[in-house]
Amino acid sequence: MAAPGPLDAGAGVIEHSPNQGRAWRGTRITALLAERLAVPVALDDDARLGALGEALLGAGRGADPLVYVTVSSGIGSGIVSGGRMLRGAHGLAGEVGHLVVDPDGPRCACGRRGDVESYAGGAALARRARRAWPSGRLADGSAAPRDAAGIFRAARAGDPLARGIVAEAAEALGRGLAALATAIDPERIVVGGSLALSQGALVRRAVAIARRRCLAETGRRLVVVQSALGETSVLAGAALLAAELAGGAPPPGP
Ligand SMILES: [Zn+2]
């Protein structure tokens, strides 16, 4: 199963998913599901599994290292090299959504200010919309946006406040992509997630910003493509992990 991080994949515990609410904190999800379903259950980070799916079956095939960035309600990334996910020493590799790009920026659900997700995540954008238009009306009197898609619509229609929020989202996402490119030197970055897939202009703008925020050598070679598996990249990665666990070492669980 895939879940938003941070989580302890080895122990099968969701530690703290900022956008999933407190009820999930510390949930021993694999043990619960294994008991109910009577099958072995493994857990990993959704963005990391999306990276595995895209690396082996999608737009990342043949690229090594491959970085996958998901932009949806939250923002995360996964790194795959040699056909394997990079989990990091504590399972926390790739949490680029919580990379601070402006310490005075808006508050993220994780508690930090001005991280990439606080500017460009769908849930954070919905929170920004509620604060940006407290009257519920745009300058022209029409109904104000209530979610990320509404902000992008209002920006395209020329609303100055919405355009500013979109510009900040593109800048933050661009800085996140630049950080990944600088630290990892990926052969390719695949971008997916519902917000990225529905707002292609945001991604193109963020990529142009990322190129400028990198070393010239890195920016020149930066290749960013759209997910080939769309909404199923995470599912594909989860299936690949299940197949690996079933075929290799004895599967975990009962
Ligand atoms: Zn955060």
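This short talk covers the zinc site, the nonpolar cores and one strand residue of the structure shown above. Please keep in mind that the model is predicted.

I begin with the zinc ion. Which residues hold its protein donors? They are His98, through ND1, Cys108 and Cys110, each through SG, and Asp115, through OD. These donors lie 1.9 to 2.3 Å from the ion. Along the chain, the donor residues follow the spacing H-x9-C-x1-C-x4-D. The site has 4 donor atoms, with angles of 104 to 121° among them, and is tetrahedral. For reference, the ideal angle for four tetrahedral donors is 109.5 degrees. Of the donor residues, Cys108 and Asp115 are buried.

I turn next to the interior. The largest nonpolar core has 43 residues, and those touching the most other members are Val69, Val71, Ile75, Trp133, Ile151 and Leu173. Helix H6, residues 160-184, contributes the most to this core, with 11 residues. Apart from this core lies another, of 13 residues, including Leu49, Ala55, Leu66 and Met85. In soluble globular proteins, nonpolar side chains tend to be buried together.

Ile75 deserves a separate look. Leaving out residues up to four places away in sequence, Ile75 touches Val69, Thr70, Val96, Gly97, Val116, Glu117, Ala120, Gly121 and Leu173.

Finally, consider Ile79, in strand S7, residues 75-81. Is Ile79 buried or exposed? Its relative accessible area is 8%, under the 20% limit, so Ile79 counts as buried. Beyond its neighbours within four places in sequence, its contacts are Ala51, Leu66, Val67, Arg84, Met85, Leu86 and Ile184. The C-alpha atoms of Ile79 and Ala47 are 9.0 Å apart, although 32 residues separate the two along the chain.

Technical notes:
Residues numbered from 1 in each chain as written. Predicted model: local features only at pLDDT ≥ 70, side-chain atom pairs only at ≥ 80, totals over all residues. Heavy atoms only, no water. Core = buried A, V, L, I, M, F, W, Y, C linked by side-chain atoms within 4.5 Å. Buried < 20%, exposed > 50% of the residue type's maximum accessible area, 1.4 Å probe, protein only. Helix = DSSP H or I, 4+ residues; strand = E, 2+ residues; numbered from the N terminus. Contact = heavy atoms within 4.5 Å. Donors = N, O, S within 2.8 Å, 3.2 Å for Na, K, Ca; no water. Tetrahedral: all angles 85-135°; square planar, octahedral: opposite > 155°, others 65-115°.
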